[in-house]
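Q: Please take a close look at a single part of this predicted model. Then follow the leads outward, step by step.

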Amino acid sequence: MSFVPMFEPIADLSLARILVSNDDGIEAPGIKVLERIARSLSKDVWVVAPSSEQSAVAHSLTVRRPLRIIRHGRRRFAVDGTPTDSVLLGVRQILGDKRPDLLLSGINRGCNMADDVTYSGTVAAAMEGTLLGVRSIALSQQMTNDEPVRWDTAEHWAAPIIERVTAVGWPCNVLINVNFPDMPAQQVDGVDVVRQGKRKIGDELTERIDPRGQPYYWVGGQRVEELGDPGTDLSAVNRGKVSVSPLCVDFTSVEAMDRLAMAFR
């Protein structure tokens with residue numbers, strides 16, 4: 001078995017430098033909640049986030065035009081690019097003199113569970129942090145369409161979860177994905193450490209006709225949350241628990257590699 005380097009536990013978060021990012025944009029309500037959470041843990045908090053909403057852009061990197069950094073206040077910056085761009089410039093440029101000890105991405109308006117994580121800009125920001133050698137946690141708040149988002153639930157539960165997770169450390173090729181259920185904070189039934197579930201986003205296609213009689217399409221209409229298999233993020237959140245899932249940025253399938261190797265012997 002090969003050795004996997006580990007992120008060391010953070011003994012005292014109050015001494016940590018924390019970078020906050022997201023995919024909903026620097027003015028989104030969720031990042032303001034996350035900034036408050038981060039400041040409750042440490043005084044050394046920096047915000048570097050996209051200047052506009054970048055939902056579902058996944059781990060895209062801007063390479064065909066220049067990027068600009070816009071100052072939004074003390075230790076608050078926007079980048080006119082993707083979540084990946086924001087984290088890259090945050091770590092390498094804005095905080096270049098002293099790297100962050102922890103990256104927090106979110107809090108996303110809507111959950112990022114199961115196959116959502118492959119499209120999610122929130123998870124992608126945490127993925128970029130992980131690839132840059134920074135402990136990274138993505139946080140998302142489940143919501144119901146047309147209902148107010150329960151930011152207070154995420155705000156109540158996030159800090160103790162961040163403290164517990166960072167106190168144990170985890171492999172350097174792993175990010176932590178956290179989802180809060182859509183219910184009052186006092187009704188949440190604890191925390192489950194679970195695997196990524198399975199569901200496909202984008203199956204809902206809505207066809208409409210434009211004024212010139214040509215069809216056009218919306219991807220991803222309203223959907224009902226699936227219960228999910230036991231032991232998954234879907235199941236945990238829909239049973240009223242906070243889901244905590246370690247996601248690996250190494251996509252290699254060891255099982256498939258062994259089988260393929262046999263074919264070339």
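A: **Helix H3 and its surroundings**

Helix H3 covers residues 121-131, and 10 of its 11 residues are buried, so the rest of the structure largely encloses this helix. Buried means under 20% relative accessible area, exposed means over 50%, and partly exposed is in between, with a 1.4 Å probe and protein chains only. Helices are DSSP runs of H or I with at least four residues, strands are runs of E with at least two, and both are numbered from the N terminus.

The model is predicted: local features need pLDDT of at least 70, side-chain atom pairs count only at pLDDT 80 or more, and totals for chains, interfaces and linings use all residues. Residues are numbered from 1 along each chain as its sequence is written, and side-chain values use heavy atoms, without hydrogens or water.

Start with the names. The buried residues of H3 are Gly 121, Thr 122, Val 123, Ala 124, Ala 125, Ala 126, Met 127, Glu 128, Gly 129 and Thr 130. They pack against helix H2 (83-94) and against four strands: E6 (102-109), E7 (135-141), E9 (174-180) and E13 (242-248). Contact here means heavy atoms within 4.5 Å.

Now the two ends. At the start of H3, Ser 120 brings a side-chain oxygen to within 3.1 Å of the backbone nitrogen of Thr 122. A polar contact is a pair of N or O atoms within 3.5 Å; within protein, one must be able to donate a hydrogen and the other to accept it, and residues adjacent in sequence count only if both atoms are side-chain atoms. After H3 comes Gly 133, with a positive phi near 85°.

Step back along the chain to the loop between E6 and H3, where Ala 114 sits. Its phi is near 55°, a positive value in a residue other than glycine. Ala 114 has 0% relative accessibility, so it counts as buried. Compare Ala 56, in the loop between E3 and strand E4 (69-73). Ala 56 is not a glycine either, and its phi is positive at about 65°. Yet Ala 56 is exposed, with a relative accessible area of 56%.

Strand E6, one of the partners of H3, has a backbone detail of its own. Ile 107 belongs to E6. The peptide bond from Gly 106 to Ile 107 is cis, with omega near -10°.

Next, the contacts of Leu 139. Beyond its neighbours within four places in sequence, Leu 139 is in contact with Leu 34, Leu 104, Ser 105, Gly 106, Ile 107, Asn 108, Thr 122, Ala 158, Ile 162, Val 178 and Phe 180. That list includes Thr 122, a buried residue of H3.

Leu 139 also leads to the largest nonpolar core. This core has 41 residues, and Leu 104, Ile 137, Leu 139, Ile 162, Val 178 and Phe 180 touch the most other members. Strand E2 (17-21), helix H1 (29-41), E3, E6, E7, helix H4 (151-168), E9 and E13 each supply at least two residues of this core. H4 gives the most, with eight residues. Apart from this core lies another one of 14 residues, among them Leu 19, Trp 46, Ile 94 and Leu 132. A nonpolar core is a set of buried Ala, Val, Leu, Ile, Met, Phe, Trp, Tyr and Cys residues joined through side-chain atoms within 4.5 Å.

Aromatic rings come next. Rings of Phe, Tyr and Trp (its six-membered ring) pair if their centres lie within 6.5 Å; planes under 30 degrees apart count as stacked, over 60 as edge-to-face and the rest as tilted. The rule gives two aromatic pairs. Phe 7 and Trp 170 have ring centres 6.1 Å apart and planes at 75°, so this pair is edge-to-face. It links distant parts of the chain: Phe 7 is in strand E1 (residues 6-7) and Trp 170 in strand E8 (residues 170-171), 163 residues apart. Both Phe 7 and Trp 170 are buried. The other pair, Trp 46 and Phe 77, is stacked, at 6.4 Å centre to centre and 10° between the planes. Trp 46 lies in strand E3 (residues 44-50) and Phe 77 in strand E5 (residues 76-79), so the pair ties together parts 31 residues apart in sequence. Trp 46 and Phe 77 are both buried.

Phe 77 leads on to Ile 26. Not counting residues up to four places away in sequence, Ile 26 touches Ile 31, Val 47, Ala 49, Pro 50, His 72, Arg 76, Phe 77 and Ala 78. Ile 26 is in the loop between E2 and H1. At 0% relative accessibility, Ile 26 counts as buried.
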